[in-house]
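User: Could you take me through this structure and explain the reason behind each label you use?
Analyst: Happily; let us look at it together.

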Amino acid sequence: MSGALTWARLSFAQQRWEILILGLGVVVAIGLMAWMTSQLLGITAAYPECDFFLDEDQFALPAGCDQASQAFFGLYSNAEIFLRNGWLFGFGVGLIVGVPLVARDIEQGTAQLAWTLGRSRTRWLLLRIAFGVLVTVVLLAGLAVMTDLLGAAMQPNDDLGRSFHFEGNRGMIIVARGILALGIGVLVGAMLGRQLPALLLGLVVTGLMYGAVTFVVHRWNESEAVEAFYDQNLGAPLFVGSGVRLASGERRSMAEFYGDGNEAFQSDDGQLFATAADAEAQRDPIGQEYILVIPGERYPEIMARGSLVTVGAGALLMVGAAMVTSRRRPT
Amino acid sequence: MSAPADPVLEARGLAKRYRRGVWALAGIDLALPAGGITALVGPNAAGKSTLIKSWVGFEKPTRGSVRVAGIDPWKDRSAALAKLGYVPQSPSLYDGLSVDDHLDLARQLRPSFDRDYARDRLAQLDIPADRGGRNLSGGQQAQVALALALGTRAPILLLDEPLASLDPLARREFLHVLTDAVRSDGATALLSSHIVTDVEQACDRLIVLGVGRVLLHDTVSGALDAHAISTAERPDAVGSFGAPDGSRIYLVRGSADRSATLDEVVLGYLASGRSKAVAA
């Protein structure tokens, strides 16, 4: 145990500036989100008779609700900016912690020392990565919890544990993205051996990897999505696609259906008709638009899966970094 | 020089070409016996660092092989490194770590690292243990790097031009610590340098490297005994070079006008290496 503490102390000393700056940024972000959360919860608690999300009944809100609603949504829009951009923290922290793990040692010549004092570069790198993962998780876990709390305060009518509201912008996926970016940072840093170029290239690779992971997760979700129609009460499901089911039962994507030159008149419930008259009479529908969704109750499972895929991709990149490190020159 | 029965450092047909197509080493055959300090002397770009880094496992041979105590560092790096202590060319210490932290780090990376031994050596030199690595003088940084290598208690020490940036006093202190440690521990050290006076003081053997080849490998005393200086041109001269007074002097094997200094032996071989390179 004392060995682990000594290693953590020495690792911290090597990266203290970026950790302290990131830590400060995270604390400020958590503080701001906590303040917004408490304000939102305060308004909701003070006006239990007001339901701010029933748009059609706004005019019928009890006295005092208008003002409360204004205050609530004023805060809501600021909080949304935070929440929508919160994903940047995950990638930012991972990349800034990950890039120097190998690149700094190479750039400053200390790799020669570390790689000859230790008998295994892989062990050295694993210890470095373990510290990086620890820092990333510690910095981002609080942020992840806070985004969940803020999201819950913004959607007081929803159980966010069973809802895809703010999906991808809250919760443990932020930590998982940090681990992915850490893996990218370590690998690119090990390949280039220079911190600034590695950071810049890391940004590009992070964008590409994010796209790739999102694509894989999306395809996976798509294969498990269920068909639903617009007028169904869906709660807050995950929307993964849409299409048209023809009267014959055949499925077409929107692009295929409308790309064929089809024109259709849509009724309120999403049914499609060849003419306006048919639509009005609700007669001879040629198809119906549908959406593919994953129901909100599957949120914990889908998020856990997405997080695991993301962390898994990060772990693969770390294995790649170990392979590069074991073969490359120390300068 | 005849090959020792059990060499601790060995290179066979070692050649190294860099990506630019430059050959840093062009077929090195070397076998160093256990014990003592061997100087590896040569001009810049002679391949000294590349040779040392091949033994450390930092440079993969393009052709040939290297062995550390019989172990190929590219096949079993861990076992080879267990036999080695290494002092790099510029003793790069961690910016945010104190001297003591470096010793802790060494202990973390190599559990057999003798922290007390290394600390005692630094204490003898009055190097403050709590000072940051980068806040030490060049000489002190070199001493810390040497203490880290000595603390491994490895039987073989490879020192890649650690004296290059040190002032004469710091060089003297460094060599004193090195010779003391090698003599008391019975280790084998290979010290690359281009400062011949240092070599003469501290080293038992001498390797002169030029244009990627071994030009001379002998004991220091053997090299001095075997060579002499002629002021007249000699067809059998190993090499010739200009004297400070403008005259030309010739290094020969055997007897001549006067005995050669180690500096002259090295210069003669370096001159021969250069003329071979020009001829090639």
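User: What makes the meeting of B:Asp101 and A:Arg9 a salt bridge?
Analyst: Their side chains come to 2.8 Å, N to O. A salt bridge requires a side-chain nitrogen of Lys or Arg within 4 Å of a carboxyl oxygen of Asp or Glu, so the pair qualifies. The rule finds three salt bridges across the interface of chain B and chain A.

Before going on, a word on the source: this is a predicted model, where local features need pLDDT of at least 70 and side-chain atom pairs count only at pLDDT 80 or more, while totals for chains, interfaces and linings use all residues. Residues are numbered from 1 along each chain as its sequence is written, chains are lettered from A in the order in which they are written, and side-chain values use heavy atoms, with hydrogens and water left out.

User: Which elements of chain B give two or more residues to the side that touches chain A?
Analyst: They are helix H1 (48-56), helix H2 (77-82) and helix H3 (99-109) of chain B; helices here are DSSP runs (H or I, at least four residues), numbered from the N terminus. H3(B) gives the largest share, seven residues.

User: How many residues are in contact across this interface?
Analyst: 30 residues of chain B are in contact with 27 of chain A, contact being heavy atoms within 4.5 Å.

User: Why is A:Thr325 called buried?
Analyst: Buried means under 20% relative accessible area (1.4 Å probe, protein chains only). A:Thr325 has 0%, so the label fits. This residue lies in helix H11 (residues 299-327) of chain A. Leaving aside neighbours within four places in sequence, A:Thr325 is in contact with A:Val102, A:Trp115, A:Arg121, A:Trp124, A:Leu125 and A:Ala190. The C-alpha atoms of A:Thr325 and A:Ala190 are separated by 6.0 Å, although the two are 135 residues apart along the chain.

User: What makes B:Leu51 part of a nonpolar core?
Analyst: Such a core is a set of buried Ala, Val, Leu, Ile, Met, Phe, Trp, Tyr and Cys residues joined through side-chain atoms within 4.5 Å. B:Leu51 belongs to the largest one, of 121 residues, and is listed with A:Trp124 among those with the most contacts inside it. Not counting residues up to four places away in sequence, B:Leu51 touches B:Ala11, B:Leu14, B:Leu25, B:Ile28, B:Leu30, B:Leu40 and B:Leu209. Another core lies apart, with 44 residues, including B:Ala145 and B:Leu150.

Notes. Buried means under 20% relative accessible area, exposed over 50%, partly exposed in between (1.4 Å probe, protein chains only).
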